[in-house]
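Notebook open, model loaded. I want to see what sits inside this fold and how the pieces pack.

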Amino acid sequence: MEEYPTGFRFYPTEGELISFYLHNQLRGLKQDKLHRVIPVLDIFDTEPWNLPQLAGELCREDREQWFFFAPMQEREARGGRPSRSMATGYWKATGSSGYVYSSDNEVIGVKKSMVFYVGKPPTGRKTQWKLNEYRAIELSPTIPNSTSNNISIPKLRREFTLCRVYVVSGSSRAFDRRPPEVVARETTIQGGNSAASNEGGGCEDASSSGVIVANAGCSHPWEAANLEEPIWDWEQLDWL
């Protein structure tokens, strides 16, 4: 891959993460190029605050999100459940698994979201570290059934997952590089005007001066998307 200009950010869609990056990793293609962006790492053996320095060389300076290919654990290969615990804490799933769709609205993967807790369950302390785990779904060759219709059987690929790790910043500016005290001061100064112009309850995107104002009622950009709950239960996909 070529060197990118100043200001470049690796910010792929979920569809691109699965259809290009994860599928190429599963097929053993473009490995040298892929791993400069997304390296292979057993992230469930590594504390999340140590992950940024282990990111791909082209994304190591990113302060918001980091990507890794996580290989299947040995216990999972033997039919067990994967371990997401380590000495300092554990990753805990939040909500239900969701589908990931391609640009033409086809299901291409499954997404599971997690939060890192420090300590031992169930009394661990929630942190701002979050993780999205993606698995690819592939259709096996069609087979005829008794009614002569062809059926494509979906297969959940388990050899690798693609993990997106990030920190919840608490700011409505996903790429704000200003010091926190500057953001807080601007929010305080413009808070009155913002409240008056936002009586409808929506999120204020920007003031007339172009400064995005934080709003307690606005969701973080990474938490705004609500995916449809999948028909398959995450732990019941072993038969695929």
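**Strand β1.** I started with β1, residues 65–71, in what is a predicted model. I looked up burial along the strand: 6 of its 7 residues are buried, so β1 is largely enclosed by the rest of the structure. Next I asked which strand it pairs with, and I found β8, residues 160–167. The two run antiparallel and are joined by 7 bridges. For the register I noted that F69 stands opposite L162 in β8.

**The largest core.** F69 and L162 turned up again when I listed the largest nonpolar core, which has 19 residues. They belong to the group that touches the most other members, along with F10, Y21, L22 and I38. I then checked where the core residues come from: α1 (14–27), α2 (31–37), β1, β4 (125–139) and β8 each supply at least two. The largest share is from α1, with 5 residues. A reminder to myself: in soluble globular proteins, nonpolar side chains tend to be buried together.

**I38.** I pulled the contacts of I38, leaving out neighbours within four places in sequence. The list reads F10, Y21, F67, F68, F69 and L162. F67, F68 and F69 follow one another in the chain, and I38 touches each of them.

**A second core.** I also found a separate core of 15 residues; F44, L51, W91 and L131 are among its members.

**F10.** Where does F10 sit relative to α1? I placed it in the segment before that helix. Is F10 buried or exposed? Its relative accessibility is 10%, and the cut-off for buried is under 20%, so F10 counts as buried. Beyond four places in sequence, F10 touches Y21, V37, I38, C59, D62, Q65 and F67. I took one of these for a distance check: F10 and V37 are 27 residues apart in sequence, and their C-alpha atoms are 8.3 Å apart.

**Aromatic pairs.** I searched the whole structure and got 8 aromatic pairs. One of them is F10 with F67, edge-to-face, at 5.2 Å centre to centre and 80 degrees between the planes. The pair links distant parts of the chain, since F10 is in the segment before α1 and F67 is in β1, 57 residues away. F67 has 2% relative accessibility, so I logged this residue as buried. I also wrote down an edge-to-face pair between W91 and F116, with 5.2 Å between centres and 65 degrees between planes. W91 lies in β2 (residues 89–101) and F116 in β3 (residues 107–118), so this pair ties together parts 25 residues apart in sequence. Both W91 and F116 are buried. Going back to F10, I saw that F10, F20, Y21 and F67 form one aromatic cluster.

**β2 and β3.** The W91 pair sent me to these two strands. I counted 10 bridges between β2 and β3, in the antiparallel sense. In the register, A93 stands opposite M114 in β3. The two strands form a hairpin with 5 residues between them. In the turn I picked out N105, with a positive phi of about 65 degrees. I checked cover as well: β3 is mostly covered, with 9 of its 12 residues buried.

**Whole chain.** Stepping back, I tallied 4 helices and 8 strands. Along the sequence the order is α-α-β-α-β-β-β-β-β-β-β-α. Of the 240 residues, 41% are buried. I looked at contact range too: among contacts between residues at least 6 apart in sequence, 64% join residues at least 24 apart. The exposed surface comes to about 13900 Å², and carbon and sulfur atoms supply 50% of it.

**Confidence.** How high is the average pLDDT? I got 74, with 61% of the residues scoring at least 70. Over residues 193–240 the pLDDT is below 50, though the stretch still has 78 contacts in the model beyond near neighbours in sequence. Where pLDDT is low, the predicted coordinates should not be read in detail, so I left it there.

Technical notes. Residues are numbered from 1 along each chain as its sequence is written. Side-chain values use heavy atoms; hydrogens and water are left out. Buried means under 20% relative accessible area, exposed over 50%, partly exposed in between (1.4 Å probe, protein chains only). Two strands pair if DSSP finds at least two bridges between them. A nonpolar core is a set of buried Ala, Val, Leu, Ile, Met, Phe, Trp, Tyr and Cys residues joined through side-chain atoms within 4.5 Å. Contact means heavy atoms within 4.5 Å. Accessible areas come from the Shrake-Rupley method with a 1.4 Å probe; for residues, only the protein chains shown count as cover. pLDDT is the predictor's confidence in each residue, from 0 to 100. Rings of Phe, Tyr and Trp (its six-membered ring) pair if their centres lie within 6.5 Å; planes under 30 degrees apart count as stacked, over 60 as edge-to-face and the rest as tilted.
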